[in-house]
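Hi everyone, thanks for making the time this morning. Let me put the structure up, and then I'll walk you through a few places in it.

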Amino acid sequence: MGISVIGGGYVGLVTAAALASKGHSVIVVDTDEGRVNSINRGKSPIFEEGFGDVLSDCIRHNCLRATNNYHEILTADITLVCVGTPSNSDGSIDLSSITESAKDIGKMLGKKSEHHTVIVRSTVIPGTTREVIIPALEEYSRKKVHVDFDIAVNPEFMQEGKALQCFFNPDRIIIGEDKRAAGDVVEELYEGISAPIVRTDITTAEMIKYASNAFLATKISFINEIGNVCRKLGIDVYDVAKGISFDYRIGDRFLNAGVGFGGSCLPKDLRALIHASRKLGYHTHLLESVSDVNENQVLKMVQMVEQKLGNLRSKKVCVLGLAFKPNTDDVRNASALKVAKLLVEKGAVVRAYDPLAMPNAKRVLSREIKYCSNAEEAVSDCDCILVLTEWSEFKDESLYYGKMVFDGRRVLDPGKARAFCDYQGICW
Ligand code: UGA
């Protein structure tokens with residue numbers, strides 16, 4: 001099939017390369033010229049383990065190409081919308097890229113005589129496809145949905161760091177359709193991939209994405225809250241998590257207590273759902289608490305340091321890890337970066353090291369932090385060490401000998417660590 005993908009960001013590019021490697025001919029449309037050039041040279045503009053090779057193979061075999069020209073949609077049978085849906089300052093969803101792309105796709109549909117299917121893969125608040133995207137497509141194409149063109153929703157469930165793996169081995173495939181034929185086109189895209197397929201109406205599919213991310217966030221805040229109580233009782237929350245995990249209704253995933261969840265999805269989607277519910281006249285007590293508990297973990301980390309060191313002014317604090325999770329260079333909404341910022345505000349002299357995320361961290365905190373070229377340099381001559389991202393290289397015990405250590409990610413085994421350093425865990 002000829003496929004066009006709008007948006008060459010994380011979701012768009014990985015989806016495009018996955019479909020291209022399944023034998024489809026894929027065009028990525030992105031307004032950022034640098035990104036387009038980089039993709040066409042086979043150089044990945046995103047960091048994702050192993051993805052560079054997949055992308056360069058697709059380019060070499062001429063099954064994937066990028067452009068900033070919307071006219072190229074005309075050569076495709078399908079358009080996947082993969083543009084970003086960031087937060088506005090009040091937490092609501094910013095639909096400006098969605099609206100712009102719907103208008104541009106609409107203009108092209110107006111010029112096309114063959115049938116076309118639009119598939120919304122971006123994360124959008126329930127109701128957006130019917131109330132915003134379809135009206136824009138119809139207005140700018142002067143065509144009728146379900147008659148002249150079709151539309152379906154296919155939310156993505158790709159974790160950064162294992163996005164391709166998530167695409168090819170999904171836990172489920174969600175297809176939102178208001179017309180059977182539109183959903184059939186999505187199902188065809190996944191031919192050969194084995195997973196339960198759930199076909200629903202469009203708005204339900206949009207909600208499934210939010211409910212999934214909200215549930216994951218809830219699991220994390222739940223175990224962090226239990227962990228905060230455990231710590232006061234001298235209990236190790238990781239033993240508690242293991243104990244509850246054998247109940248198949250609970251399971252063992254996403255129960256790693258620590259300094260909280262970050263990234264470009266969980267915090268933003270939680271806020272957007274809270275905001276959208278409020279607009280509907282419903283107060284999401286649980287989801288607001290999930291968000292509050294998460295924000296508090298950052299404060300808790302700094303409070304632990306203050307309890308030991310007193311006033312942080314001029315204290316030399318080493319931060320290990322800045323990315324929102326290991327194996328990524330992404331610092332968006334990273335708890336680590338929030339902790340580092342708070343330490344700086346309190347007057348601490350912060351030295352930091354992260355194997356990948358320092359260039360991105362420098363865009364947020366440039367002169368305020370001294371960035372070190374390796375972990376050894378970062379930990380040398382400091383009053384304490386905070387471990388904020390669980391990179392495997394931070395498991396090296398020799399980094400911590402004789403130091404005061406605050407572990408926000410359970411990088412060290414507390415039992416062993418207490419023998420060689422002054423060790424405290426955030427929830428254990
Ligand atoms: C998340 C979801 O996991 C994906 O299913 C979804 O498709 C994606 O958002 C999206 O909406 O696009 P991602 O943002 O890559 O994926 O990150 P996760 O792996 O879910 O981790 C999120 C945060 O939770 C990280 O900061 C991580 O450190 C934290 N976390 C995770 C914990 O603190 N404890 C855990 O047990 C698990």
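Here is something to start us off: at the start of α2, which side-chain oxygen reaches to within 3.0 Å of the backbone nitrogen of Gly34? That oxygen belongs to Asp32. Before I go on, please keep in mind that this is a predicted model.

Let's stay with α2, which covers residues 33–40. Its buried residues are Val36, Ser38 and Ile39. Looking down the helix axis, you'd find them within an arc of 165 degrees, so they line one face of α2. And what lies over them? The cover includes helices α1 (10–21) and α3 (51–60), along with strands β2 (25–29) and β3 (64–67). Just past the end of α2 comes Gly42, with a positive phi of about 80 degrees.

Since β2 has come up, let me pick out one of its residues, Val26. Val26 counts as buried because its relative accessibility is 2%, and the cut-off is under 20%. Leaving out residues up to four places away in sequence, Val26 touches Ile3, Val5, Ala16, Leu19, Ala20, Cys63, Leu64 and Arg65. Take the last of those: Arg65 is 39 residues from Val26 in sequence, yet their C-alpha atoms are 6.5 Å apart.

Now for the ligand. It is surrounded by 21 residues, and the closest are Glu156, Gln159, Glu160, Lys209 and Phe324. Two helices, α8 (202–233) and α10 (266–279), each give at least two residues to this shell. α8 supplies the largest share, with four residues. The backbone takes part as well. A polar backbone atom of Glu160 sits 2.7 Å from a ligand oxygen, a backbone N or O atom of Met158 is 2.9 Å from a ligand oxygen, and for Leu255 the corresponding distance is 3.3 Å. On its own the ligand would expose 720 Å², and the protein buries 93% of that.

Glu160 deserves a second look. You'll find Glu160 in the loop between β6 (149–153) and α6 (163–168). Is Glu160 buried or exposed? Buried, because its relative accessible area is 10%. The Glu160 side chain makes a polar contact of 3.1 Å with the side chain of Thr328. Beyond four places in sequence, the residues that Glu160 touches include Tyr10, Glu48, Ser264 and Phe324.

On to the core. As a general point, nonpolar side chains in soluble globular proteins tend to be buried together. Here, the largest nonpolar core has 66 residues. Which of them touch the most other members? Those are Leu320, Leu322, Val339, Leu343, Leu386, Phe394 and Tyr400. If you zoom in on Val339 and ignore neighbours within four places in sequence, its contacts are Val259, Val298, Met301, Val302, Leu386 and Leu388.

My last stop is Arg410, in the loop between β13 (404–407) and α15 (414–420). Arg410 has a relative accessibility of 19%, so it counts as buried, with the cut-off at under 20%. Its contacts, again beyond four places in sequence, are Asp236, Tyr238 and Trp428. With Asp236 there is a polar contact between the side chains, at 2.7 Å. Arg410 also lies 8.4 Å from Val387, C-alpha to C-alpha, with their positions 23 residues apart in sequence.

That's my tour, so over to you for questions!

How values were computed. Residues numbered from 1 in each chain as written. Predicted model: local features only at pLDDT ≥ 70, side-chain atom pairs only at ≥ 80, totals over all residues. Heavy atoms only, no water. Buried < 20%, exposed > 50% of the residue type's maximum accessible area, 1.4 Å probe, protein only. Arc of directions from axis to C-beta. Contact = heavy atoms within 4.5 Å. Polar contact = N/O pair within 3.5 Å; in protein donor to acceptor, adjacent residues only side chain to side chain. Core = buried A, V, L, I, M, F, W, Y, C linked by side-chain atoms within 4.5 Å. Near = heavy atom within 4 Å. Areas by Shrake-Rupley, 256 points an atom, 1.4 Å probe, with all protein chains shown as cover.
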